[in-house]
Amino acid sequence: MPLSEVTTPPILVDGLSKSYKKIEAVKRVSFSVSKGQVFGLIGADGAGKTSVIQCLAGVLSANSGSAFIDGIDTLKHPELIKDKIGYMPQGLGLNLYDSLSVDENISFFRDLRQVPESTFRSNKERLLKMTHLDKFLNRPAAKLSGGMRQKLALICTLLHLPDILLLDEPTTGVDPISRREFWAIIHDLVATREVTVLLSTSYMDEAERCHQIGLMHQGDLLDLGTPETLTKNLKGQYYQISYHDPNQLMSHLQQWPEAESTALFGRQIHLHTAVDSQQLKTKLAQLELTDVAFEQIAPNLEDLFMHHLRDKSHAKAPQDSNHHLQHLVIEQSKSGTIECQQLSRYFGDFVAVDKVSFDLKAGEILGLLGPNGAGKTTLIKMLCGLLPISEGSARVVGFDVASEHLIIKRHIGYMSQQFSLYPDLTVLNNIKLYAGLYGLSAKRLKKQIDSLGEGLSLTPYFGRVTSSLPRGVRQRLSLACALLHNPALLILDEPTSGVDPNVRRQFWDHVHYLTQQNQISALVSTHYMDEAEHCDRLGFMQNGKMIIVDTPARLKAQAETICGQLLVAEGVEYANILSTLRTQFPDAFLYGRYVHWQSLNIEEDKRQAQKLLHENQLEAVIESRSLSIEETFANYMTSEALKHAI
Amino acid sequence: MWVRIYSMVRKEFQQLSRDIPIIMILVWAFSGAIYVAGHAVNISVKDLPIAFYDLDRSAASRDLLTKIQSPYFKWIGAVHSDAELDQVLTSGRASAVIVIPGGFETNTQSRQGQVQVIIDGGQSRSALLAVSYFASILQKHNIEMLTNQAGGGLSLLKIPQIDPRVRVAYNQSLNHAWFGGLLELFNVMTMVAMLLTAAALVREKSQGTLDQLLVSPLTARELFIAKIIPTVLTVLALSLVGLFVMVQGVFNTPIRGSLILFYSVATLYVFSISSLGILVAVVTRNIAQATLLIFMILMPMLFLSGAMTPPESMSTWMKILSLISPMRYFIDFGYEVLLKGNGIAEVWHDILGILILGSILFAAAVRRFNQYLN
């Protein structure tokens, strides 16, 4: 190949290492991104994603290795790449000025970047229209919702028309609807301007929207490739098994030497094993259980992560055995129910929660999903007795929230998304503090310390200062403190946001055990689809209203009936495929390397699309798929027809 | 209720005991800071650099100049022109210049002698003191000249004059360390009380631990008390170090009054100031904001307290404003009881002031705190 044809990739990272004091944040990471690609660095908090991006943006120096943008060494000449890149730091709109309005923020970034007036005017208009922010020009940035802030931050990053975008966790804390819009903009930029994008995320479900991904864990780049090939290369079979007592079946399966790993997803068990379905059938028959059913499923990225983490430790991870769980006995004296009727809360003229009715049975996990500002937090605060109610009524664990909230507080356990215990205290100090607050007697405290210490594997850490502990242990400590007083109801606010898949699986194993064996119920507030998968029922909220509460399966079925199933077109020239398909199906959008749209008449639409593509000499495979929870949720948020059908 | 408060207070002390930087700051505030304040803050004038411009060059002028000497003044030399005079003053090499005009000796004989004293008014406090020193030096010199002129015939005693015999009560040698050390102790008590309380609460807010506490049976009132108690105990314990080790031990300040009275009122005072700390924490979002706000409150409070200027010499408005500075009452109370050995009969009005202001602060803090939590 002649030398001239060797093109320099827009982004190249070669053997990059970065340490902070003793911690190795990035360990010899190498990858490259070619032009017009979206590359996703996937990993939990602390995986080293931010350090890699900061080195590329020229704002962080590395210990060894190099990083190039368009062939320019960013570590040596950070000033030379500034015009080429658009860099968005982590945090919701962290580069914005809160007291400045949308318009003033944009103008500030124009001046900062010295964008020529002609470029600025056309670009600004296009970006504002794309992000739907044109109606909010005079609103101060502080008053924008999380999703809007992030879109404004993106506008400010894109003003000088950079060809390379470095986005650090752009969708963290952004609700699913805004997240979809955000991705639509990114894919649009890729399709129209061939920009190159490097972004990081801790959401596994976002990986599919990238062309290439790199899995990061504790500074290591575990794997690199397209999302499909990576999961296809996984060895062994993945099954989803259902049984009326999943915990009982779980303990059977865990003793089975052929089982690589087991995990609970709601009432389903995910099993990873080398055996084929015939052998599994025989195995399950040997157990002499009556109503067992199973199906083979495709492994997802979380499975891939688990596979690599197990490989690294060369042993079964401790969470693969759930024997310690039997110590987890919660002797709650109440039944963890919620009966909520026409509950409302006003702040002046503003209706934060609007006549919300739902109930929660003992032993059930209910997920609340909704955009930022939908009223989830206000609703939860009222149910906890932290905020007086305006109208309606609610009974929590059998007590009225208006008049008996002091009793309610004794029977609920609360866990928030950020670690809200004291990092400068030891594990035992923290436990004793909450034991005191809940008035546990010395005898009961000792019993709880024993059972929670064993059940949550915390005993070895009792004397350690909390800030020095790994994230998973802190998570278990939070759960222990929330369970100390034997609550009947757990309230979880995005409990596993930003944690490793193995920590997340372990956490949910605990919660499923508690709900199924101890009949504790759980109310989960989240906009994290990975968490929604674990819920028995989901409640969708929007503008203070509870739109619908039902099981994920029924929600999906109804959305498919009213709004249609998903059609996916896969082809090499995805940008052209998209523009062609849009002439007939205006709602089609780009999803990574695929074009997605919903259809009520699958066979007919499939045929039409094939014909259309064929006429334009485009090759594509078109398949139908069932809706994911996120798509289902988006349908309920945006489709008037669906809302009417409820 | 008390079990919950006890658990919280225990937690606060556990956190404090692990916070090495804060412990170092606290130890410094109640030892080093008091030591520095006692020794460095000195309101008398010592070794003020002066120059002279002698245009007369006579026996009388030299006689006068020899009278101006240490410890108050330090000669830096003579100047020889108006330009040089300006230069030494502007450059700060001299804080004052004595100008003796030509014909001084002749004029003095006929009782018309004049000297000019030019003082750098930029340092108004030392300038004021220097002027009064000059005045008294000249007065003494005048009497001497008078006696000399009259010769042996007229004895000094025959000239009618009043000789003041000043005795400074409670602080005979006018030891400024007594005054400055105590003032700094009161100052540090105020600052630490506000800062510790505000920091403890703001930290819960910014760490997100407050929500976790609120969903527990802990009530707002209990949380409020649990945040104040550790501060009160810490400040009172440390003030014992400040008072006995520094003020009494190092500066030898006599403690004359009732310690029971002092510490009862000090408890009340620290409690009031902690309430102010809660108010600060409620309206701010992080430690940096809280610290800034505390200094904005602390400086005027100190200036209005009467420690720098007695309230009597303030303008009417400032006098009224000084009534709302809790420090004014506490500093007055502290001097009265500790230095003068006074009892309730003499300081009841200070106690009343602290009580009234404390109640207002406490009520406001409880109100705002409840509003914030809801």
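This report describes the two chains of a predicted model, the contact between them, and a selection of their salt bridges.

## The two chains

Chain A has 646 residues, and 57% of them count as buried. Its secondary structure comes to 21 helices and 28 strands. Along the principal axes, the C-alpha trace of chain A spans about 75 × 60 × 60 Å. The radius of gyration of chain A is 26 Å, which agrees with the value near 26 Å that a compact globule with 646 residues would have. Contacts in chain A often link remote parts of the sequence: among those between residues at least 6 apart, 73% join residues at least 24 apart.

Chain B has 374 residues, of which 44% count as buried. Its secondary structure consists of 15 helices and four strands. The C-alpha atoms of chain B fill a box of roughly 95 × 45 × 40 Å along the principal axes. Here the globule rule and the model do not coincide: a compact globule of 374 residues would have a radius of gyration near 21 Å, but chain B has 28 Å. Of the contacts in chain B with a separation of 6 or more, 76% are accounted for by residues 24 or more positions apart.

The table sets out the overall values for each chain.

| Chain | Residues | Buried residues | Radius of gyration | Span along principal axes |
|---|---|---|---|---|
| Chain A | 646 residues | 57% buried | 26 Å | about 75 × 60 × 60 Å |
| Chain B | 374 residues | 44% buried | 28 Å | roughly 95 × 45 × 40 Å |

## The contact between chain A and chain B

The size of an interface is often given as the accessible area lost when the parts come together. For chain A and chain B, the buried area is about 2,300 Å², and carbon and sulfur atoms give 56% of this area. On the side of chain A, the residues that lose the most area to chain B are A:Tyr414, A:Tyr422 and A:Leu437, which together make up 26% of what that side buries. In residue terms, the contact takes 25 residues from chain A and 24 residues from chain B.

As for polar interactions, the rule finds nine residue pairs in polar contact across the interface of chain A and chain B, both residues of each pair being at pLDDT 80 or more. By contrast, zero salt bridges are found across this interface.

Several elements of chain A each supply at least two residues to the side that touches chain B: helix H11 (405-410), strand S20 (412-415) and helix H12 (427-437). With six residues, H12(A) gives the most to that side. Classified by residue type, the side of chain A that touches chain B has 15 nonpolar, six polar and four charged residues.

From chain B, one residue may be followed in detail. B:Gln14 lies in helix H1 of chain B. Not counting residues up to four places away in sequence, B:Gln14 touches A:Leu425 and A:Asn429. B:Gln14 counts as buried because its relative accessible area is 18%, and the cut-off for this class is under 20%.

## Salt bridges within the chains

Side chains of opposite charge can pair when their charged atoms come close. Over all chains of the structure, the search finds 35 salt bridges.

In chain B, B:Glu12 and B:Lys227 meet through their side chains in a salt bridge with an N to O distance of 2.4 Å. This pair links distant parts of the chain, with B:Glu12 in helix H1 (residues 2-18) and B:Lys227 in helix H10 (residues 220-250), 215 residues apart. Both B:Glu12 and B:Lys227 are buried. Helix H1 of chain B therefore carries B:Gln14 as well as B:Glu12, by the residue ranges that define it.

In chain A, A:Asp73 forms a salt bridge with A:Lys76, and their closest N and O atoms are 3.6 Å apart. A:Asp73 counts as buried at 11% relative accessibility, whereas A:Lys76 counts as exposed at 62%. A further salt bridge joins A:Arg554 and A:Asp550, with the closest N and O atoms 2.9 Å apart. Of these partners, A:Arg554 is exposed, with a relative accessible area of 51%, while A:Asp550 counts as buried at 18% relative accessibility.

Chain A also contains a network of salt bridges, which links A:Arg110, A:Asp111, A:Glu117 and A:Arg121.

Definitions and conventions:
Residues are numbered from 1 along each chain as its sequence is written. Chains are lettered from A and ligands numbered from 1 in the order in which they are written. This is a predicted model: local features need pLDDT of at least 70, side-chain atom pairs count only at pLDDT 80 or more; totals for chains, interfaces and linings use all residues. Side-chain values use heavy atoms; hydrogens and water are left out. Contact means heavy atoms within 4.5 Å. Buried area is the accessible area (1.4 Å probe) that two parts lose on being put together, summed over both. A salt bridge is a side-chain nitrogen of Lys or Arg within 4 Å of a carboxyl oxygen of Asp or Glu. A polar contact is a pair of N or O atoms within 3.5 Å; within protein, one must be able to donate a hydrogen and the other to accept it, and residues adjacent in sequence count only if both atoms are side-chain atoms. Ala, Val, Leu, Ile, Met, Phe, Trp, Tyr, Cys and Pro count as nonpolar, Asp, Glu, Lys and Arg as charged, and the others, Gly among them, as polar. The radius of gyration is taken over C-alpha atoms; the globule rule is 2.2 Å times the number of residues to the power 0.38. Buried means under 20% relative accessible area, exposed over 50%, partly exposed in between (1.4 Å probe, protein chains only).
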